[in-house]
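Q: Could you take me on a close look at one part of this model, starting from a single side-chain pair and working outwards to what surrounds it? I would love one connected answer that I can follow with the structure open.

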Amino acid sequence: MSSTALALFPAACRSRESRPAPVARCAPAARRARSARPAARRGPGRRPLRLTRRGRLSATCTAAGVLAGVVLAVSAAAGEPAAAGGAAGAAPHVVTVLPGQTLSQIAAELAPGEDWREVAAAIAEVNGLASQALRAGQRLTLPELD
């Protein structure tokens with residue numbers, strides 16, 4: 001080796017043994033200085049937070065879910081006193097028919113203690129239905145039962 005090459009490597013790398021020295025200690029001083037980051041930019045032992053695309057999506061969905069929950073809670077709390085005002089000014093109860101749902105199922109859910117046939121007939125009368133056949137997405141106004 002030339003004297004110039006010996007000056008670039010630390011003394012630990014110029015050993016007489018045949019095994020290679022660790023790379024971090026034997027790298028030329030110029031290359032080590034170039035690759036080292038200044039500690040002032042990074043902070044003491046801290047690395048900047050880096051989120052992947054999936055992490056950003058997860059954080060956004062979590063924040064949106066929390067916000068939606070807060071909005072629903074506030075709207076439910078604000079809507080309760082108006083609903084407790086009485087049945088005199090209450091709007092009629094409307095349901096949307098789900099796929100596979102029948103008039104008898106809706107009648108049984110509306111009045112579990114009564115005969116579903118009578119309740120189904122009352123629903124058909126209020127909505128002007130010619131038969132008990134329903135379509136998914138159809139909106140039915142439910143009668144007020146005693």
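A: Let's start with aspartate 115 and arginine 117, whose side chains meet in a salt bridge with an N to O distance of 3.3 Å. The model is a predicted one, and the count of salt bridges in it comes to one. The acidic partner, aspartate 115, sits in the loop between H6 and H7. With a relative accessibility of 30%, aspartate 115 counts as partly exposed, because that class lies between under 20% for buried and over 50% for exposed. Arginine 117, at 52% relative accessibility, counts as exposed. If you look from aspartate 115 back towards serine 104, the two are 11 residues apart in sequence, and their C-alpha atoms are 9.9 Å apart in space.

From that loop, you can move on to the nonpolar core. The largest one has 11 residues: Val97, Leu103, Ile106, Ala107, Ala111, Val119, Ala120, Ile123, Ala124, Leu140 and Leu142. Helix H6 (103-110), helix H7 (116-127) and strand E2 (139-142) are the elements that give two or more residues to this core. H7 supplies the largest share of the core, with four residues. So the loop that holds aspartate 115 runs between two of the helices that contribute here, H6 and H7, because those are the elements named on either side of that loop.

A good place to see the helices meet is alanine 107. Leaving aside residues up to four places away in sequence, alanine 107 touches Trp116, Val119, Ala120 and Ile123. Val119, Ala120 and Ile123 are also among the core residues, which makes alanine 107 a handy point from which to trace the packing by eye.

Next, turn to the strand side. In a regular strand, the side chains alternate between the two faces of the sheet. In E2, Leu140 and Leu142 form the covered face, while Arg139 and Thr141 form the uncovered one. The two residues of the covered face, Leu140 and Leu142, both appear in the core list.

Leucine 142, which is placed in strand E2, deserves a moment of its own. Its relative accessible area is 8%, so leucine 142 is buried, the cut-off for that class being under 20%. Apart from residues up to four places away in sequence, leucine 142 touches His93, Val95, Ile106, Leu110 and Ile123. Of these neighbours, Ile106 and Ile123 are listed in the core as well. For a sense of spacing, leucine 142 and alanine 124 are 18 residues apart in sequence, with 9.1 Å between their C-alpha atoms.

The partner of E2 is strand E1 (residues 93-96), and the two pair in the antiparallel sense over four bridges. Within that pairing, threonine 96 stands opposite arginine 139 of E2. A little further along the chain comes proline 99, in the loop between E1 and H6. Proline 99 has a relative accessible area of 73%, so it is exposed. Proline 99 and alanine 136 are 37 residues apart in sequence, yet 4.7 Å apart in space from C-alpha to C-alpha.

To set all this in the whole chain, it helps to zoom out. The protein chain has seven helices and two strands, and along the sequence they follow the pattern α-α-α-α-α-β-α-α-β. Of its 146 residues, 12% count as buried. Among contacts in the protein chain with a separation of 6 or more, 45% are between residues 24 or more positions apart. The chain exposes about 11900 Å², and carbon and sulfur atoms supply 58% of that area.

One last stop lies in helix H5 (residues 53-83), where valine 74 is found. Valine 74 is exposed, with a relative accessible area of 54%. Together with Val66 and Val70, Val74 makes a nonpolar surface patch of about 270 Å². With leucine 142 buried at 8% and valine 74 exposed at 54%, you have two nonpolar side chains to compare on screen.

Key: Residues are numbered from 1 along each chain as its sequence is written. This is a predicted model: local features need pLDDT of at least 70, side-chain atom pairs count only at pLDDT 80 or more; totals for chains, interfaces and linings use all residues. Side-chain values use heavy atoms; hydrogens and water are left out. Patches are made of residues with over 30% relative accessible area and no salt bridge: like charges are joined within 9 Å, nonpolar side chains (Val, Leu, Ile, Met, Phe, Trp, Tyr) within 5 Å. Accessible areas come from the Shrake-Rupley method with a 1.4 Å probe; for residues, only the protein chains shown count as cover. A salt bridge is a side-chain nitrogen of Lys or Arg within 4 Å of a carboxyl oxygen of Asp or Glu. Buried means under 20% relative accessible area, exposed over 50%, partly exposed in between (1.4 Å probe, protein chains only). A nonpolar core is a set of buried Ala, Val, Leu, Ile, Met, Phe, Trp, Tyr and Cys residues joined through side-chain atoms within 4.5 Å. Contact means heavy atoms within 4.5 Å. Two strands pair if DSSP finds at least two bridges between them.
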